[in-house]
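Let's take a walk through a protein, starting with what it means for two residues to touch. Have a look at the sequence and the model first.

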Amino acid sequence: MKAILKSVSRSFYLTIRFLPRPLREPVGLAYLLARAADAIADTPEIPAASRLTTLLALARVISGELEFDAVAQPLRDFAARQNDRHERRLIENLRSCTDRLGAMESADRTDIRTVLQTIVSGQEFDLRQFGDQASVASLQTAAELEEYTYLVAGCVGDFWTKLGFRHFPAFANRPPNEMSNLGVEYGKGLQLINVLRDTSADLQAGRRYLPAEELAASPIAGVFSRWLLKAEEQLTTGIDYCSALTSCRVRFATVLPALIGARTLALLRAAGADAFSRKIKVPREEVRRILAAGFVAAASPNSLRVLFERLLAPPR
C-alpha cells in the first residue's frame with residue numbers, strides 16, 4: 001500500500017509519513033480509495049453512465065454491501081483505460097485495499113466508510129452535473145459550488161478530526177466540534193484551489209465550476225478574484241486548525257497542504273488572465289523549500305502564521 005500511495009501522490013505521501021502510526025494507515029487507505037473512485041469518475045474514454053454505475057458499485061463494496069467480485073471485471077476495463085500508469089496500478093490493486101479495509105479496527109473502518117460515502121456522493125454529483133457534455137455545462141449557484149467542495153474534500157476535515165481525537169484524546173487544544181468545523185472549511189478551501197487552478201483544463205473538458213449566475217453578472221476575472229479571496233479565507237481557517245494541534249509532528253503533516261495552497265494562490269493572482277489558459281502549479285523545487293520551511297515553522301503556531309503570510313505574498 002505504501003508504494004502505491006507514494007506513486008499516486010508524492011506530496012500527500014509526505015503528509016502520511018509524518019503522521020503517528022495509529023493515524024497513518026486509516027488516512028492512507030481512505031486516500032487510496034478516494035483516489036481510485038476519482039480515477040473511475042474521471043475516465044473520459046468510458047461513457048458517464050458506465051462510470052457512474054461502476055462508481056456506485058465500488059461504493060457498495062467499500063461499505064461492505066457487495067463482494068469485490070461484483071466489480072472485478074468493470075475495474076479491469078477501467079484499469080486498461082488509464083493513461084497514468086500509477087492510477088492503473090492503483091485500480092488493479094483495489095482488491096487488496098478493500099481487503100485491508102475489512103480487516104481494520106471497527107471504528108477506523110466505520111470512519112473510512114463514512115467519509116468515502118460522502119466523497120463518492122460528490123463524485124456522483126459531478127458526473128450527473130457534467131456527464132458526457134457536448135458543450136460547456138456549469139454549476140449555477142455559489143451554494144452548489146460550496147456543496148461540491150464540501151462533498152469531495154470538506155468532509156475529510158471532519159474525518160481527520162474524528163480519527164485524531166479517538167486515537168489521541170489530547171489531539172488539539174480546541175473542542176472536537178470546533179475542530180471539525182475548522183477542518184471542514186480547510187478541506188473546502190483546498191478543493192476550491194483545485195477548482196481555480198484547473199479552470200482552463202475543466203473548460204476544455206466541458207466543465208465550469210464557477211457559478212453561472214455570478215458569471216452572468218460580472219466578468220470572469222472578477223468572479224475568479226472573489227473565489228480566490230474565499231479560498232484564502234478558508235486556508236486561513238486551516239492555519240487556525242493546525243495551530244490548535246498539540247503535536248508538532250501532526251501539525252507539520254496537517255499544515256503542508258495549506259502552505260503549498262498559499263503559494264498556489266499567490267501564483268494564481270500573479271498569473272492574472274493567464275490562469276484561464278494554462279494550469280498554474282508550484283514548481284517542485286519550491287515545494288521542497290516549502291517543506292523544509294514548514295518543518296521548522298511547525299514548532300510554533302506563530303511561526304506557521306508568519307510562513308503562511310509570506311507564501312501568500314506576490315512572487316518576486
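## What counts as touching

Contact here means that heavy atoms lie within 4.5 Å. Keep in mind that this is a predicted model.

Let's try the idea on Gln 191, which sits in helix H10 (residues 176–197). Which residues does Gln 191 touch, not counting those up to four places away in sequence? They are Tyr 148, Thr 149, Val 152 and Ala 153. Gln 191 has a relative accessible area of 14%, and the cut-off for buried is under 20%, so Gln 191 counts as buried.

## The overall picture

The protein has 16 helices and two strands. Its C-alpha atoms fill a box of roughly 50 × 50 × 35 Å along the principal axes. For 316 residues, a compact globule would have a radius of gyration near 20 Å, and the 19 Å found for the protein agrees with that.

Half the story is inside: 50% of the 316 residues count as buried. Contacts also reach across the sequence. Take those between residues at least 6 apart in sequence: 73% of them join residues at least 24 apart. On the outside, the accessible surface comes to about 14,500 Å², with 51% of it belonging to carbon and sulfur atoms.

## Helix H3 and the core

Helix H3 covers residues 21–41. At 1.5 Å a residue, its 21 residues should span 30 Å, and the end C-alpha atoms are 31 Å apart, which agrees. Is H3 enclosed or open? It is largely enclosed by the rest of the structure, because 15 of its 21 residues are buried.

In soluble globular proteins, nonpolar side chains tend to be buried together. The largest nonpolar core in this model has 107 residues, and those with the most contacts inside it are Leu 33, Ile 112, Phe 171 and Leu 196. Leaving aside neighbours within four places in sequence, Leu 33 is in contact with several residues, including Ile 62, Leu 94, Leu 101 and Ile 112.

## Aromatic rings

How many aromatic pairs does a search of the whole structure find? There are eight. One of them joins Phe 165 and Phe 171, whose ring centres are 5.3 Å apart with 65 degrees between the planes. That pair counts as edge-to-face, because the angle is over 60 degrees.

Both partners are tucked away: Phe 165 counts as buried at 16% relative accessibility, and Phe 171 does too, at 5%. Elsewhere, Phe 125, Phe 130, Tyr 148 and Tyr 209 form one aromatic cluster. You've met Tyr 148 already, as one of the residues that Gln 191 touches.

Note on methods:
Residues numbered from 1 in each chain as written. Predicted model: local features only at pLDDT ≥ 70, side-chain atom pairs only at ≥ 80, totals over all residues. Heavy atoms only, no water. Phe/Tyr/Trp six-rings, centres within 6.5 Å; stacked < 30°, edge-to-face > 60°. Buried < 20%, exposed > 50% of the residue type's maximum accessible area, 1.4 Å probe, protein only. Core = buried A, V, L, I, M, F, W, Y, C linked by side-chain atoms within 4.5 Å. Helix = DSSP H or I, 4+ residues; strand = E, 2+ residues; numbered from the N terminus. Rg over C-alpha atoms; globule rule 2.2 N^0.38 Å. Areas by Shrake-Rupley, 256 points an atom, 1.4 Å probe, with all protein chains shown as cover. Expected span 1.5 Å × (residues − 1).
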